[in-house]
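Good morning, and thank you for joining this meeting. Please look at the sequence and the structure as I show them, and then follow me through some of the charged side chains.

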Amino acid sequence: MTLNLHDTAPDFDQPIAVLKHCHDRIRKQLATLDKLLAHLPEFGADDQARQAAAAVLKYFEKAAHLHHDDEEQDLIPMLRAVAQGDDAATLQALAPVILQDHKDMDALWQDLHEQLTAIAEGQSLVLSASAVQRFSQRYSAHMEREESTMAPMALRLFGPEQMAQLGRAMQARRGIGQGAAAPSPAIGQAVADLRKDYGQASLNEHEVMDDPMLQFTQWFEQALKAEVNEPNAMSVATVAANGRPSSRIVLVKQFDERGFTWYTNYDSRKGQELEDNQYAALLFFWSELERQVRIEGRVERTSSEESDRYFRSRPLKSRLSAIASRQSAPIGSRAELEQNYEAVARQAGDDPARPDNWGGFRLVPERLEFWQGRRSRFHDRIVYERQEDGSWTRLRLQP
């Protein structure tokens, strides 16, 4: 029951790679639609069908239009500004087709939207195979056009300045990074009025698994299928010798019946705090599924063999960074930090060994709480606690 985790998405300093990543996510959603077509006649609108329909709805309602806006408002106008000769002619012919694709895909999506909404709510089993086919074919052809023509053209014609401009615009459209709009002075007051009512799913103490690690694995796999953003990101909370807590986000690299494993510098703040207090808490929050998992337990170091094996699996630059950085220690400037890296890169060669102060931590769980958002803040909470004989008790907590 070990699950190794995938790489993260590219950053916005590589905007064309981000656009390709968006296409890959769209292809996964189209594959989910095909699987849903086959699933419904045999199993009906069960939990898996409802979650699949909800995931497809969420992506095409909230994310796909951002990708269209990236092209219409930034990529195409920027290409028009620099394209000449054959490139300009190609763009003149292709751009209207791309814009028409967006309109046609939006119209085709409306045919599917109502059907998927009814399935997500468990009220219908109807999903039109012809509507799915038309939608998938149009999207696939559209993405192929962009990947074979527009993306290569952008990579050829855009310099660093244009790439940075495109990346900033994409960030601003998503409300992240330096391109995001400045916050309103009244935002602090408005926070109290922010409210979202949950209602995608429920959690019943009679339906969850007896083993909380199996339950976690099931939820994690559902988060992967729903294409939750960074499903492997977790908060790690530690407590210093003086009783003061601290927390940070790290990526879990493995989980199994032994516990939850991540890797870091043992001399970092979290490493030092775990030396003083071996107990810690983890938190996974998957907003797309309205779920969180709270985990508490004792932390131990992984074996040298495990740490060596993971260190060797990392990209070379990541290994060099781990050697060059005295994590959490002050340094005078970014330039000094990069000088340290260059010095290590010159000396370490192509296969650097893991430093003794870098390796894995594993939290051995003693308590896991599964939280499912429900309407009107009347949430479901199921908690597991490990007993002295290694067995687990399970009970419901009030929201």
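Glu 288 sits in the loop between strand E5 (279–286) and strand E6 (291–301). Please keep in mind throughout that this is a predicted model. Which side chain of opposite charge is nearest to Glu 288? It is Arg 25, at 5.8 Å. A salt bridge requires the nitrogen and the oxygen to be within 4 Å, and Glu 288, although buried, has no salt bridge.

What does the side chain of Glu 288 reach instead? It comes to 3.1 Å from the backbone nitrogen of Asn 229. The side chain of Glu 288 also makes a polar contact with the side chain of Ser 287, at 3.4 Å. If we set aside neighbours within four places in sequence, Glu 288 is in contact with Lys 58, Gln 200, Val 228 and Asn 229.

Let us now turn to pairs that do form. Side chains of opposite charge can pair when their charged atoms come close. In this model the count comes to 32 salt bridges, and I shall present three examples.

The first example joins Arg 50 and Asp 47, whose closest N and O atoms are 2.2 Å apart. Both residues belong to helix H2 (residues 47–62), and they are three residues apart, about one turn of the helix. Are these two residues buried or partly exposed? Arg 50 counts as partly exposed, at 25% relative accessibility, and Asp 47 is partly exposed as well, at 44%.

The next example is the salt bridge between the side chains of Asp 70 and Arg 174, at 2.6 Å from N to O. Asp 70 lies in helix H3 (residues 64–82) and Arg 174 in the loop between helix H6 (160–173) and helix H7 (187–191), so this pair ties together parts that are 104 residues apart in sequence. Asp 70 is buried, with a relative accessible area of 1%, whereas Arg 174 is partly exposed at 24%.

My last example is Glu 205 with Arg 396, where the closest N and O atoms are 2.8 Å apart. This pair links distant parts of the chain, 191 residues apart: Glu 205 is in the loop between H7 and helix H8 (212–225), and Arg 396 is in strand E9 (residues 392–397). Glu 205 is partly exposed at 23% relative accessibility, and Arg 396 is partly exposed at 34%.

Finally, salt bridges that share partners join Asp 256, Arg 258, Arg 298, Glu 300, Glu 306 and Arg 362 into one network. Thank you for your attention.

How values were computed: Residues are numbered from 1 along each chain as its sequence is written. This is a predicted model: local features need pLDDT of at least 70, side-chain atom pairs count only at pLDDT 80 or more; totals for chains, interfaces and linings use all residues. Side-chain values use heavy atoms; hydrogens and water are left out. Helices (H or I, at least four residues) and strands (E, at least two) are DSSP runs, numbered from the N terminus. Buried means under 20% relative accessible area, exposed over 50%, partly exposed in between (1.4 Å probe, protein chains only). Lys and Arg count as positive and Asp and Glu as negative; His and the chain ends are not counted. A polar contact is a pair of N or O atoms within 3.5 Å; within protein, one must be able to donate a hydrogen and the other to accept it, and residues adjacent in sequence count only if both atoms are side-chain atoms. Contact means heavy atoms within 4.5 Å.
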